[in-house]
Amino acid sequence: PPEEVEDASEPTKRDRSHLESTLKLNEDKPADDFSGVLQRLRKIYHSSIKPLEQSYRYNELRQHEITDGEITSKPMVLFLGPWSVGKSSMINYLLGLDDTPYQLYTGAEPTTSEFTVIMHGPKLKTIEGIVMAADSARSFSPLEKFGQNFLEKLIGIEVPHKLLERVTFVDTPGIIENRKQQERGYPFNDVCQWFIDRADLIFVVFDPTKLDVGLELEMLFRQLKGRESQIRIILNKADSLATQELMRVYGALFWSLAPLINVTEPPRVYVSSFWPHEYHPDTHKDLFLKEEISLLEDLNQVIENRMENKIAFIRQHAIRVRIHALLVDRYLQTYKDKMTFFSDGELVFRDIVEDPDKFFIFKSILAKTNVSKFDLPNREAYKDFFGINPITSFKLLSQQCSYMGGCFLEKIEKAITRELPDLLGSIGLGKKPNVLSCDITGCGETPKNRYRKP
């Protein structure tokens, strides 16, 4: 056949069989059907968490509403890093988009100026950001709040690819150092934060020639705090260096990232070249291939655990909503206790908001069962919060009960301690027999350390 005659100038393409086997792309078995679990999860959210969330306007404190689109959305993999380090090439490679009309643009200049969401669809097509944000069934409707300028920089691509049935990729504009945020015309960091908060896996990609960690990147790592278990660092284009040089670069990368990621164990760094061309001769092909396979296994793990992660995420959200409700209730109770017939409500409340510690507001919440001090919002946040929402517009928790519906607080506590862990257990049954407790997953309390090699 004529295909075998190769143009000498064309670099040879790498074998893709390991991609297909690791990511199980050729298996015909239907993906796990979690629709029943998702329905129960939606029901728990709407009946036990949302009422309290709305009653105490949690969204104004955290700017985080959970839409149905978010409950049902697929796991999201976010690609971050300086410009031109190969983020788009890596996505093209994983999805086999090279030389198709839908490959993402790649090149030496900063090419991706948009946030590109690559998702599954019956046929190849592009979707404008404005359309994506308008569609409430997708999980991107909250992005509207970043304004028109941003929506013009958001683009969706639907690709009929097996992998995208189970995961969504997001390619981000490269970080360009020494460039001011206003030049982008939209709040770049806030948008990044929105994606970081929702990503199940975050690939931070570097290339050997761009290791200078500048301000924008430092800022980004500050935003990644608390998400360490989702981060994977990738040293891409590794086959462009001789071994000795590669060792030096690997050390330099670690050195510049160490102060930015202060966890007890350094994050996992994958060293490889993620693109379709053959590795350069005389480089560590075996090592690069092994590294690539372990990165793919990581990706697969996220896909397999997507339902557990979703339940843990909703439970984490419920824990925060509960704490917020307890705090507002406590502020309100303190206010009512301090008010007398003659006092000026404004002044009384200002006193409480300015110095909540004088009234033991936060201490009294910590004294309650299972509230972690690490989950408490800061005091300043409540100054702003009550600036917009007058204390008198809230009801005490003890008054939020109905004869038929029960009490809001009891319902959310039952969801946190019983219903969500039970739902988690019910999935575990299919996968691993006799694991019914939170021992394995920790129910989101302590994330498993994914850096440690098994």
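In this predicted model, E380 and K383 form a salt bridge in which the closest N and O atoms are 3.4 Å apart. Both residues belong to helix α15, which spans residues 379–388, and because they are three residues apart, about one helical turn separates them. E380 has a relative accessible area of 47% and is therefore classed as partly exposed. K383 is likewise classed as partly exposed, at 26% relative accessibility. The pair does not stand alone, since E354, E380 and K383 are linked in a network of salt bridges.

Side chains of opposite charge can pair when their charged atoms come close. With a salt bridge taken as a side-chain nitrogen of Lys or Arg within 4 Å of a carboxyl oxygen of Asp or Glu, the count for this structure is eight. One of them joins E245 to R248, with 3.0 Å between the closest N and O atoms. These two residues both sit in helix α10 (residues 243–257), three residues apart, or about one turn of the helix. E245 is partly exposed because its relative accessibility is 31%, whereas R248, at 52%, counts as exposed. A further salt bridge connects K358 with D351, where the closest N and O atoms are 3.1 Å apart. K358 has a relative accessible area of 47% and so is partly exposed; D351, at 33% relative accessibility, also counts as partly exposed.

From these charged pairs the description turns to the sheet. Eight strands make up an open sheet with mixed pairing, arranged in the order β3-β4-β2-β5-β1-β6-β7-β8. At its edges are β3 (125–128) and β8 (269–271), each of which pairs on one side only. Direction ignored, neighbouring strands of the sheet are turned by 25° against each other on average. One of the pairings involves β6 (residues 201–206) and β7 (residues 231–235), which run in the parallel sense and are joined over five bridges. Within this pairing, V204 stands opposite I233 in β7.

A residue of strand β2 shows the surroundings of a single position in the sheet. T116 is found in β2 and counts as buried because its relative accessibility is 5%. Apart from neighbours within four places in sequence, T116 is in contact with L104, I155, I157, F169, V170 and D171. Of these partners, I155 and I157 fall within the range of β4 (154–159), while F169, V170 and D171 fall within that of β5 (168–171). In the strand order, β2 has β4 on one side and β5 on the other.

Helices lie across the sheet. Helix α8 (residues 188–198) lies across β1 (76–80), β2 (115–120), β4, β5 and β6, and runs at about 140° to β1. How many of the residues of α8 are buried? Eight of its 11 residues are, so the helix is largely enclosed by the rest of the structure. The buried residues of α8 are F188, N189, V191, C192, W194, F195, I196 and R198. Helix α11 (residues 285–304) lies across β1, β5, β6, β7 and β8, with a direction of about 135° to β8. Strands β1, β5 and β6 thus appear in the lists for both helices.

Helix α11 also meets helix α12 (residues 306–338): their axes come within 4 Å and cross at roughly 60°. The two helices are therefore oblique to each other. In this contact, V302, I303 and E304 of α11 meet R306, E308 and N309 of α12. By class, the contact comprises two nonpolar, one polar and three charged residues.

The final position considered is L38, which lies in helix α2 (residues 35–55). L38 counts as buried because its relative accessibility is 17%, and the cut-off for that class is under 20%. Which residues does L38 contact, leaving aside its neighbours within four places in sequence? They are I71, T72 and M307. L38 and I311 are 273 residues apart along the chain, yet their C-alpha atoms are separated by 9.0 Å.

Notes: Residues numbered from 1 in each chain as written. Predicted model: local features only at pLDDT ≥ 70, side-chain atom pairs only at ≥ 80, totals over all residues. Heavy atoms only, no water. Pairing = 2+ DSSP bridges. Axes fitted to C-alpha atoms, helices over the stretch in contact; angles between N-to-C directions. Contact = heavy atoms within 4.5 Å. Buried < 20%, exposed > 50% of the residue type's maximum accessible area, 1.4 Å probe, protein only. Parallel < 35°, antiparallel > 145°, perpendicular 65-115°, else oblique. Nonpolar A, V, L, I, M, F, W, Y, C, P; charged D, E, K, R; others polar.
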